[in-house]
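What lies in the interior of this protein, and how do its cavity, its cores and its cysteines relate to one another? The report below takes these topics in turn.

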Amino acid sequence: MPLDPQVLALRARRAEAGTPPLYTLDLATARAADLAAIQAAGGDPEPVHQVSELTVPGPGGPLTLRVYRPSDAPGLPALLYLFGGGWTLGSLETSDAICRRLANAAGCVTVGVGYRRAPEHPFPAAVRDCHAAAVWLAAHAAELGLDGARIAVGGDSAGGNLAAAVTLLARREGGPELRHQLLVYPNTDRRADTASLRENDDPLLFNRRSVAWYWGHYLADQADGDDPLASPLRADDLSGLPPATVITAEYDPLRDEGEAYAEALRAAGVEVELRRYDGMPHGFFAMAGALDDGRAAQEYAAARLREALT
């Protein structure tokens, strides 16, 4: 399909404004521009019953968890949600609107993780932080009024990469037990040389240069990209991992590696549901205020989580 008309309109606005690609900016400017763009396209944040923050121990120091409760009902399931941004730009603020909508629509407590970002803290800092948050959440579920047997992990882009890595690390280290993984256009292979990566080179959209820029920040040593915790598609064994929902976008350099990971999971005996959104670019999941398919994808993700966590 051609680019969706709503995406074309968004692209035209960027062209008219002379919006520079994030990878051409210094880090502080790119982080501020990324947040502003996501908040502009994300729509009005939905009210939820309660939002609170906790500070918990992490492998590199205190970790901030932001907890979104859709109601005060006891024993709700939980989703650990990991923000995107190439392990470099995102924050709890960039995933705020997504966490609110998923909490309400899926009927689960959604917990955002303020993991350490690159390049200040390169791989594997983010993976270790996110796994530590999952371990802590499972261990303290009862005191938070949650059902510790019903915890999912998810994220978009680099957050999807981290969610996949957390399931691998949880299997390796004996926990926590995770019910589901939601992987929204995840990075899965540092050495990917796919058709979608080669084809998507539009400077007004997320493109192959964006991908290379993020990996360059994340990996202090490029050889680390072969570690399955950085490139889950390179894992020798994907069996025994939680059932997965994988969302991809047609005009996304990460499309093929996300779909390859879904197929590799399926081949390893993992239950997988893969859905591609035609006409959409990378990042559309966070653009529910500007793109109808962004909202539709969030509703689909919430429905999958509700089914998995019931």
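In this predicted model, there is 1 cavity of 30 Å³ or more, and the volume of the largest cavity is about 40 Å³. Its lining is formed by I38, G42, T94, A97, I98, R101, A286, A288 and Q298, a set that divides into 5 nonpolar residues, 3 polar ones and 1 charged one. Helix α3, which spans residues 96-106, supplies the largest share of this lining, with 3 residues.

That helix is itself mostly covered, since 9 of the 11 residues of α3 are buried. The buried positions of α3 are D96, A97, I98, C99, R100, R101, L102, A103 and A106, and among them A97, I98 and R101 also belong to the lining of the largest cavity. After α3 comes G107, which has a positive phi near 70°.

C99, one of the buried residues of α3, leads to the question of the cysteines. How many disulfides does the structure hold? The structure holds 0 disulfides; C99 takes part in none, and the nearest cysteine sulfur to its own, that of C108, is 9.5 Å away. For C130, the closest cysteine sulfur is that of C99, at 12 Å, which is too far for a bond. Two of these cysteines are compared below.

| Cysteine | Closest cysteine sulfur | Sulfur distance | Relative accessible area |
|---|---|---|---|
| C99 | C108 | 9.5 Å | 0% |
| C130 | C99 | 12 Å | 0% |

Both rows describe residues that count as buried, because C99 has a relative accessible area of 0% and C130 likewise has a relative accessibility of 0%, where the cut-off for a buried residue is under 20%.

The nonpolar interior can be described through its cores. The largest nonpolar core has 64 residues, and L80, L82, L162 and Y218 are those with the most contacts inside it. Helix α5, covering residues 158-172, gives the most to this core, namely 9 residues. Within the span of α5 lies L162, which, when residues up to four places away in sequence are not counted, touches L82, W87, Y115, A126, V127, C130 and Y218. The contacts of L162 thus include L82 and Y218, which are themselves among the residues with the most contacts inside the core, and they also include the buried cysteine C130. A second core, separate from this one, has 34 residues, including A41, V184, M280 and A301.

How values were computed:
Residues numbered from 1 in each chain as written. Predicted model: local features only at pLDDT ≥ 70, side-chain atom pairs only at ≥ 80, totals over all residues. Heavy atoms only, no water. Disulfide = S-S within 2.5 Å. Buried < 20%, exposed > 50% of the residue type's maximum accessible area, 1.4 Å probe, protein only. Core = buried A, V, L, I, M, F, W, Y, C linked by side-chain atoms within 4.5 Å. Helix = DSSP H or I, 4+ residues; strand = E, 2+ residues; numbered from the N terminus. Contact = heavy atoms within 4.5 Å. 1 Å grid on protein atoms, 1.4 Å probe; cavity = no way out; pocket = protein on both sides within 12 Å on 5 of 7 lines; lining within 4 Å. Points joined across faces, edges and corners; volume = space filled by probe spheres on them. Nonpolar A, V, L, I, M, F, W, Y, C, P; charged D, E, K, R; others polar.
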